[in-house]
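Reader: I would like to learn how to read domain interfaces and salt bridges in a model. Could we go through them one at a time?

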Amino acid sequence: MTIYGVAILAACLLVGDIAGRLIGAAIGVEANVGGVGIAMLLLLFLLGRDQSRLAASPGVRSGVEFWAAMYIPIVVAMAATQNVAAALSSGAVAIIAGLAAVALALIAAPLLSRLAGGGA
Amino acid sequence: MIADIVAHSLRAYSLIFAFAIVGAVIWLSYGASNLFTKGRIHGSAIAIAAGLVAAYVSGRMTGGPKGLADFPALAGFGVMGGAMLRDFAIVSTAFGADLATLRKVGPAGALSIVIGVGLSLVAGAVIAVAFGYKDAVSIVTIGAGAATYIVGPVTGAALGATSDVIALSVAAGLVKAIVVMIGTPLWASRIGLNNPGAAIVYGGLMGTTSGVAAGLAATDPKLAPYGAMSATFYTGVGCLVAPSVFYLVVRLLTGEA
């Protein structure tokens, strides 16, 4: 049943989000600490292993794969709802600060990738 | 009369309308990709860029903060592109990810988050100082905005920054997200962003979940889960470090401590 896949995905996101908020509260941060990342790990743990019986069920697969296929369209809708006008009219400080942060990360990326050793 | 009926339908089914429009935009974008660039510029990159342009034009027309979603008939874009469905879709992409790879490059990913947060805070803070900000609260808040547009206001609120500085920090984070969305496919090959390990490091260094999610979608969707995974931990680390350790360091440097 397709809904099983959707429900498993939903449960992972909810558990991950609650866990992320609990971690945030525990360390005194007013933010969700990695809730989506935790949810991804949960989903991988449930469905990502070769011997997973859940992942072998076509219904479960189709429920999860539908949303994975909707990822790009959702990202396009997200882009269309960004506050681009505010970002571009915010003045030089914000624009240069944002650009500088990206530039530094770009310089560091190849160095750290080498450390990560590919992993293809 | 007909216009009223159509408008009523589009408002009543706003999310469905958004599905239809996004589908058409993606179809046109993939067509344009094949026709004009022989597929060299990814269709999704064109669609995302079109979305950003539409968001800019809408913002100018409506004066609102939500891009296309500020038009009542296009409010469905706010649901489709909002945090709820975005996070749901991001989590679903993990299904295709490889657990062994994650385990292998996990430590490098964690390190890249810490380095990424540090670099962004310093970059933003240096720019703030260069533009004449002298108090630690403003400097740190703008630095936090250069991390992500969530770290900025969370930090600013915690430290009691003024509302115009908080607005600047949000704007800095937005600029970062947009630059990463558009730029990632352009510089991906130059920085070796073509394998899961590099994607994890990239997500950790950039940290903007929306920027990385869209940037990797436009580069190679297979890399998206790896980058998104590390990026989602970045905001938490930023919210932890910026108002605490980083604020104390900046206070020492400004002589307020």
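Author: Start with a count: between domain 1 of chain B and domain 2 of chain B there are zero salt bridges. A salt bridge is a side-chain nitrogen of Lys or Arg within 4 Å of a carboxyl oxygen of Asp or Glu. This is a predicted model, in which local features need pLDDT of at least 70 and side-chain atom pairs count only at pLDDT 80 or more, while totals for chains, interfaces and linings use all residues. Residues are numbered from 1 along each chain as its sequence is written, chains are lettered from A and ligands numbered from 1 in the order in which they are written, and side-chain values use heavy atoms, with hydrogens and water left out.

Reader: Where are the two domains of chain B?

Author: Domain bounds come from an automatic or database domain assignment. Domain 1 of chain B covers 2-81 and domain 2 covers 95-254.

Reader: How many residues of domain 1 of chain B are in contact with domain 2 of chain B?

Author: Contact means heavy atoms within 4.5 Å. Five residues of domain 1 of chain B touch nine residues of domain 2 of chain B in this way.

Reader: What is the area buried between domain 1 and domain 2 of chain B?

Author: Buried area is the accessible area (1.4 Å probe) that two parts lose on being put together, summed over both. For these two domains of chain B it is about 490 Å², and carbon and sulfur atoms give 81% of that. B:H42, B:I48 and B:L52 supply 75% of the area that domain 1 of chain B buries against domain 2 of chain B, more than any other three residues.

Reader: Where, then, are salt bridges found?

Author: Side chains of opposite charge can pair when their charged atoms come close. Over all chains the structure holds three salt bridges. One joins A:D17 and A:R21 (2.8 Å, N to O). These two are about one helical turn apart, because A:D17 and A:R21 are four residues apart in helix α1 (residues 2-26) of chain A. Helices are DSSP runs (H or I, at least four residues), numbered from the N terminus.

Reader: Is the salt bridge between B:D87 and B:R86 made by buried or exposed residues?

Author: Buried means under 20% relative accessible area, exposed over 50%, and partly exposed in between (1.4 Å probe, protein chains only). B:D87 and B:R86, whose side chains meet at 3.1 Å, N to O, are both buried. In chain A, A:R61 and A:E65 form a salt bridge at 3.3 Å, N to O; A:R61 is partly exposed at 35%, and A:E65 is partly exposed at 37%.
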